[in-house]
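Grab the viewer and a pencil: here are some exercises with worked solutions. Try each task on your own before reading on.

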Amino acid sequence: MARDEWGPIALDNGAWTAHQSGEAFDFEAFAGFVSRWASRALWGVAPDVVGDGRATMELAEEWVPRLRVLCPVLVAAQEGMTAADVRALGADGVALGGLTEWKEAALRDRSWRSLPYLHVLRVNTQSRVHACRRIEADSSDGTGATIYSIHAALMAKWNVEPVQEHMGLSW
């Protein structure tokens, strides 16, 4: 299928990839990417700083209004942020990001459901799929299924199997 035939898409910002590689986030490249694809976007994620809620909120103050004219905007919640912070930024919803420990704690906080849209980033394990289902996330993503076909089959299975309530056990 040619790119021109794709249906609606979601625009992630690539901050996690930059974080993992130790590279600086390329704001100019991101702006060009959004300009190119926003007309097909269900939503776009404003730039964030992985693991730093305060810096993410500062970026979001600039980027939410800038992106809003192109497509609905999600803020990638990071350490220390709350649903009230995202609401105050005027975003259309949240993309739960953050480093592993914080994200897994955030997935047990139902206040995120008070936002119009809840997306969860980096969902590649059975426990995270189940956590997304427990919190009733609107959507999630993860690279595992796009890289490994066996992982895609597992993700499909995890998305329909019964989910038990989390009892404070290790993820």
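Helices (H or I, at least four residues) and strands (E, at least two) are DSSP runs, numbered from the N terminus. Keep in mind that this is a predicted model, where local features need pLDDT of at least 70, side-chain atom pairs count only at pLDDT 80 or more, and totals for chains, interfaces and linings use all residues. Residues are numbered from 1 along each chain as its sequence is written, and side-chain values use heavy atoms, with hydrogens and water left out.

**Exercise 1. Look at the end of α6 and work out what the backbone does just after it.**

Step 1: go to E136, which sits in the loop between α6 and β6.
Step 2: read its phi, and you get a positive value of about 60 degrees just after α6. E136 is a residue other than glycine.
Step 3: check the cover. E136 has 51% relative accessibility and counts as exposed (buried means under 20% relative accessible area, exposed over 50%, partly exposed in between, with a 1.4 Å probe and protein chains only).
Step 4: now try R122, in the loop between β5 and α6. R122 isn't a glycine either, yet its phi is positive at about 55 degrees. Its relative accessibility is 13%, so R122 counts as buried.

**Exercise 2. Find the buried residues of α6 and say what they pack against.**

Step 1: pick out the buried ones, which are R128, V129, H130, A131, C132 and I135.
Step 2: follow their contacts (heavy atoms within 4.5 Å). The buried residues of α6 pack against α5, β5, β6 and α8.

**Exercise 3. Which residues does L115 touch, leaving aside its neighbours within four places in sequence?**

Step 1: place L115 in the loop between α5 and β5.
Step 2: with a relative accessible area of 4%, L115 is buried.
Step 3: list its partners beyond those neighbours: A83, V86, R87 and V94.
Step 4: take V86 for a distance check. L115 and V86 are 29 residues apart along the chain, and their C-alpha atoms are separated by 8.2 Å.
Step 5: for another pair, try K157, which belongs to helix α8 (residues 149–158). K157 and A105 are 52 residues apart in sequence, with 24 Å between their C-alpha atoms.

**Exercise 4. How many salt bridges does the structure hold, and what do some of them join?**

Step 1: recall the idea. Side chains of opposite charge can pair when their charged atoms come close.
Step 2: apply the cut-off, a side-chain nitrogen of Lys or Arg within 4 Å of a carboxyl oxygen of Asp or Glu. That gives five salt bridges.
Step 3: start with R66 and E62, whose closest N and O atoms are 3.6 Å apart. Both are in helix α3 (residues 53–68), and being four residues apart, they are separated by about one helical turn. R66 is partly exposed at 41% relative accessibility, and E62 is partly exposed at 44%.
Step 4: move to D92 and R68, which meet at 3.2 Å, N to O. This pair links distant parts of the chain: D92 is in the loop between α4 (83–88) and β4 (93–96), while R68 is in helix α3, 24 residues apart.
Step 5: come back to E136, which forms a salt bridge with R110 at 3.9 Å between the closest N and O atoms. E136 lies in the loop between α6 (126–135) and β6 (139–140) and R110 in the loop between α5 (100–106) and β5 (118–120), so the pair ties together parts that are 26 residues apart in sequence. R110 counts as partly exposed, at 42% relative accessibility.

**Exercise 5. Zoom out and describe the whole protein.**

Step 1: count the elements to get eight helices and six strands. From the N terminus they run β-α-α-β-α-β-α-β-α-β-α-β-α-α.
Step 2: get the extent. The C-alpha trace spans about 40 × 40 × 30 Å along its principal axes.
Step 3: look at burial, where buried residues make up 41% of the 171 residues.
Step 4: sort the contacts with a separation of 6 or more. Residues 24 or more positions apart account for 55% of them.
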